[in-house]
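Me: I have a new model open and don't know my way around it. Can you walk me through a few parts?

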Amino acid sequence: MPHYYNEPSRTFSEFLLIPNLTTKECIPGNISLKTPLTKFKRGEEPDIQLNVPVVSAIMQSVSGTEMGISLARSGGIAFIFGSQTIEEQAEMVRKVKGYKAGFVVSSLNLKPDQTLEDVLELKNITGHSTVAITEDGSPNGKLLGIVTSRDYRLSRTEPSTVISEFMTPFEELIYGKEGMSLSEANDMIWDHKLNCLPIIDSNQNLCYLVFRKDYDSHKENPDELLDEDKRLIVGAGINSRDHVERVPALIEAGADVLCIDSSDGYSEWQKDTIEYIKSKYGNKAKVGAGNVVDREGFLYLAEAGADFIKVGIGGGSICITREQKGIGRGQATSIMEVAEARNEYFEKTGIYIPICSDGGIVHDYHMTLALAMGADFLMLGRYFARFDESPTRKLKVGSNYVKEYWGEGSNRARNWERYDDTGKGKMDFEEGVDSYVPYAGKLKDNLYVSMSKIRSTMSSCGSKTIKELQDTARITLVSATSIVEGGAHDVILKDNTPNRFNS
């Protein structure tokens, strides 16, 4: 006989938080969002702690080099996607670890035989006007010149004009040499009244760009997540098929934490992967596992040695696992059951294993609910896919700007290592879709608003830490009618009404 669960599994939208007493000390400025990423023993501190309770999803359309840099500078961690070659993933990790505040790897690059039309197209898509001209059009190619808006006039320069005819050539550029400090670079910018200083190596290859506008940027990120060598912390996704080859390359590249990427983590394959990593590297290598949706799945991965455990199957906006395979569970119910199992495991063993809520976040207030229900941190895909730092194209569809967003279970991702259960080395059907998400601008600006909402809600709940929120939160089920009542209703909204939802 199958086992039946009589209670329906529920989503975050079916719950609200009830305020507790807000004391005079419990104001947003006094609230800490620090939270453990990896397991620790009672009375000890975790080896890795997040300064904000969010990490980016292990997805091609979310977590590349720029996401790794920007999210770590804001206090979270990106997990560089694993559905690429080992060499490509390791290089992304290496670039994040090698990042220096103020030194920017050029993201706008063209070749000298391209045209003004190409320059304008890049400017329209990105909103930036400084384009590095390299021999091969790559970020680290031989620097031949720079194009800014001062190098052309639309009224006088034909769109078909070749870049080499109007760019500022290398011979006329002021540049810095690889190895110089940010302070030295900034001195050159101010002494020569520059907006941008290219940094090159001994072979004239472009290394970085330093911008005047970034002069104080390294002082504006107090939540930066750094390792003991003052380098940014970054994660990387792995699978249970080529981990023997992939893990050593990622560890060598500097990955601080790994995470097994799977839609269903309650499997012997994950146990074998964790045991291999721990036998080879011991506690020096941190590895998360999942995904699970119940007590049994959590305990299995906990006993296998996972450093954190991801919770959620089928709740992601681009995930269709539930409709394709009929497996999954409402995200709120999953978090509540796994959190209870985590707490019991801690009482029994003295080992606290953080859990990560992965999927099901539609509105910003869902983040706070997930934390209150027991999640230590959140893995977000769609939320981060909307920002400049995600690795996808910014497009104009109709009258709106959007960014592409596709699931790892889609044919576009071709991530058969995650979804092939047959051993054929291919996907027989899709568990994800290819889509667009509304473009939302820069990560830092949006994340600041979302974290402000969490702090404000925690203030209303009388909690100054996430642990206090989990211990004292009062959560109520709501009816369908009260859900409608919770939004704007019985009014005519003006066109300029601010967007109420950031995620």
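Me: How do strand 12 and strand 13 pair?

Reply: They pair in the antiparallel sense, over five bridges. Strand 12 covers residues 196-200. Two strands count as paired if DSSP finds at least two bridges between them. Strands here are DSSP runs (E, at least two residues) and helices are runs of H or I (at least four residues), numbered from the N terminus.

Me: Which residue is the bridge partner of L197?

Reply: V210, in strand 13.

Me: And is this a predicted model, with what limits?

Reply: Yes, this is a predicted model: local features need pLDDT of at least 70, side-chain atom pairs count only at pLDDT 80 or more, and totals for chains, interfaces and linings use all residues. Residues are numbered from 1 along each chain as its sequence is written, and side-chain values use heavy atoms, leaving out hydrogens and water.

Me: Back to the hairpin. How many residues lie between strand 12 and strand 13?

Reply: Five residues. Q204 sits in that turn, with a positive phi of about 75°.

Me: Why mention the sign?

Reply: Most residues other than glycine have a negative phi.

Me: Where else is phi positive in a residue other than glycine?

Reply: One such residue is K193, with phi near 55°. K193 lies in the loop between helix 4 (182-191) and strand 12.

Me: Is K193 buried or exposed?

Reply: K193 has 72% relative accessibility, so it counts as exposed. The cut-offs are under 20% relative accessible area for buried, over 50% for exposed and partly exposed in between (1.4 Å probe, protein chains only).

Me: What about strand 13, enclosed or open?

Reply: Six of the six residues of strand 13 (residues 206-211) are buried, so the strand is largely enclosed by the rest of the structure.

Me: New topic. Which residues does a cis peptide bond join?

Reply: G290 and N291, with omega about 10°. N291 lies in strand 16 (residues 287-292). Most peptide bonds are trans.

Me: Now the whole chain. How many helices and strands?

Reply: The protein chain has 15 helices and 24 strands. Of its 503 residues, 51% count as buried.

Me: What are its spans along the principal axes?

Reply: The C-alpha trace spans about 75 × 60 × 45 Å.

Me: And the charges?

Reply: There are 58 positive and 72 negative side chains, and the centres of the two sets lie 3 Å apart. Lys and Arg count as positive, Asp and Glu as negative; His and the chain ends are not counted. Each charge is placed at NZ of Lys, CZ of Arg, CG of Asp or CD of Glu.
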